[in-house]
Amino acid sequence: MKFNTKTIHGGQDNVDPAYGSVMPPIYQTSTYSQSTPGGHKGFEYSRSGNPTRTALEKSLASIENGNFGLAFGSGLAAIDAVMKLFKPGDEIISTNDLYGGSYRLFTSIFEGLGIKFHFIGMQDAEGIEEYINENTKLIWVETPTNPMMNIIDIEAVSKIAKKHDLLLAVDNTFATPYLQQPLDLGADIIMHSATKYLGGHSDVVMGSLVVKDKELADKLYFIQNASGGVCGPQDSFLVLRGIKTLHLRMQRHCENGEAVAKYLRSNPKIDKVYWPGFEDHPNHDIAKKQMSGFGGMISFTTKENTLESATKIVENLKVFTLAESLGGVESLAGHPASMTHASIPQEERAKTGVVDSLIRLSVGIEDEEDLVADLKQAIG
Ligand SMILES: *Cc1c(COP(=O)(O)O)cnc(C)c1O
């Protein structure tokens, strides 16, 4: 089955044995009747499993070319489950240009529980090796990175992970499986904030993991059930519905992203425009190799390079909404230094380029002319 067909049909055989409904019913139930103790039909209690969530988990596994999917109450709950594979003394190497909430989870919770993190630039995969020692267990990669749109070569990192017998996890939230398939490039775990492109309509918070390996899936399933960070059936239904149009939405996100990136670059008041589709983007070749398009996420800075200049633009926007989050049908603008990345100390932020005038756009699927006109009037 090819990708577009998988978004609609992947893992969705016989979702309703009772009546043959095309979409799985929303099984809004916490428990399931048993004919005799232990005599159930595959579901006992909805933390351990719920048929609507199972339908979504099978879809997730299918679109990511994996064997097992797990859905959680948020992206961070999914990352939290991965971290619980490790124990005090273990070390994890992570990209330094990272979603702020992931950084906060790693440093404020898991560092305190004895796990050591190294945050490093990974555009040069070879550079990872000097941080590897006998305690290293995992490499955590986000690509494209948030919000600087750096691209990390997943295949090159996976070679290093395999050489040292480490797990490789990829946060695939920005690219989605429409643009990038990390398991095929050698990753062991794919994580998503399904809140973003997979859900796609800014109406649900959810996270997911997809793996190929049965043993790893069993460990993560144990954690999912034991820690209990699951999502409900209504949200599972919404994300499953979102996935069915993922390919159509992503195609438009890519087209509009290109138009907006090119417009920003042509505006004399704008300084840097970070978008991996530009041929002079430092990692453009890797992006071209591992992604089938460049997406709708763009960051830029103003020539004035002040907080005020950025504030003025985001306040003037009319079609773009000033809001956290990304990946929905509507275009959003964010100010990382004061919003998504406020939990990262200013010195750390500045090291990775998150300056005070940086604005991040999640380009939606509206008409490209309206988006460009909106930026034009807001930048002035
Ligand atoms: C939003 C996001 C997360 C966290 O997901 P939630 O669903 O908000 O918990 C993690 N990684 C990336 C890249 C994100 O954009």
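**Exercise 1. Find the order of the strands in the open sheet of 5 strands, and name its edges.**

Solution.
Step 1. The 5 strands of this open sheet follow the order 8-9-12-11-10, with mixed pairing. Strands pair if DSSP finds at least two bridges between them. Strands are DSSP runs of E with at least two residues, helices are runs of H or I with at least four, and both are numbered from the N terminus.
Step 2. Look for strands that pair on one side only: they are strand 8 (270–274) and strand 10 (321–322).
Step 3. Note the source of the picture. The model is predicted: local features need pLDDT of at least 70, side-chain atom pairs count only at pLDDT 80 or more, and totals for chains, interfaces and linings use all residues. Residues are numbered from 1 along each chain as its sequence is written, and side-chain values use heavy atoms, with hydrogens and water left out.

**Exercise 2. In which sense do strand 9 and strand 12 pair, and which helix lies across them?**

Solution.
Step 1. Strand 9 (residues 297–302) pairs with strand 12 (residues 359–362) in the antiparallel sense, over 4 bridges.
Step 2. Pick one bridge: Phe300 has Ile359 in strand 12 as its partner.
Step 3. Now add the helix. Helix 9 (residues 246–266) lies across strand 8, strand 9 and strand 12, and runs at about 10° to strand 9. Axes are lines fitted to C-alpha atoms, for helices over the stretch in contact, and angles run from 0 to 180 degrees between N-to-C directions. Contact means heavy atoms within 4.5 Å.

**Exercise 3. Describe the open sheet of 7 strands, and say why one side of strand 1 has no neighbour in the sheet.**

Solution.
Step 1. Read the order: 1-7-6-5-4-2-3, again with mixed pairing.
Step 2. Strand 1 and strand 3 (116–120) are the edges; each has a single partner strand, so one side of each lacks a neighbour in the sheet.
Step 3. From one strand to the next, the twist averages 20°.
Step 4. Compare two pairs. Strand 1 and strand 7 run antiparallel and are joined by 5 bridges. There, Phe72 stands opposite Gly207 in strand 7. Strand 4 and strand 5 (residues 167–171) run parallel, and 5 bridges join them. Here Val141 faces Val170 in strand 5 as its opposite residue.
Step 5. Place the helices. Helix 2 packs on the sheet and touches strand 1 and strand 7, its direction making about 125° with that of strand 1. Helix 7 also packs on the sheet, touching strand 1, strand 5, strand 6 and strand 7; its direction makes about 20° with that of strand 1.
Step 6. Check the cover on strand 1: 4 of its 5 residues are buried. Buried means under 20% relative accessible area, exposed over 50%, and partly exposed in between (1.4 Å probe, protein chains only).

**Exercise 4. Which peptide bonds in the loop between strand 4 and helix 5 are cis, and is Met149 buried or exposed?**

Solution.
Step 1. Start with the general rule: most peptide bonds are trans, and most residues other than glycine have a negative phi.
Step 2. The bond from Thr143 to Pro144 is cis, with omega near -5°. Pro144 sits in the loop between strand 4 (136–142) and helix 5 (154–163).
Step 3. The bond from Asn146 to Pro147 is cis too, with omega near 5°. Pro147 is in the loop between strand 4 and helix 5.
Step 4. Met149 lies in the loop between strand 4 and helix 5. Its phi is near 60°, a positive value. Its relative accessibility is 1%, so Met149 counts as buried.

**Exercise 5. What is the volume of the second largest pocket, and what lines it?**

Solution.
Step 1. The volume is about 420 Å³. On a 1 Å grid over the protein atoms alone, a pocket is an open set of points where a 1.4 Å probe fits, with protein on both sides within 12 Å along at least five of seven lines; lining residues have an atom within 4 Å of a point. Grid points are joined across faces, edges and corners, and the volume is the space filled by probe spheres set on the points.
Step 2. The lining has 23 residues; Thr54, Glu57, Phe68, Gly69 and Tyr221 are the closest to the centre.
Step 3. Helix 2 (51–63), strand 1 (68–72) and helix 7 (214–227) each supply at least two lining residues. Helix 2 gives the most, with 6.
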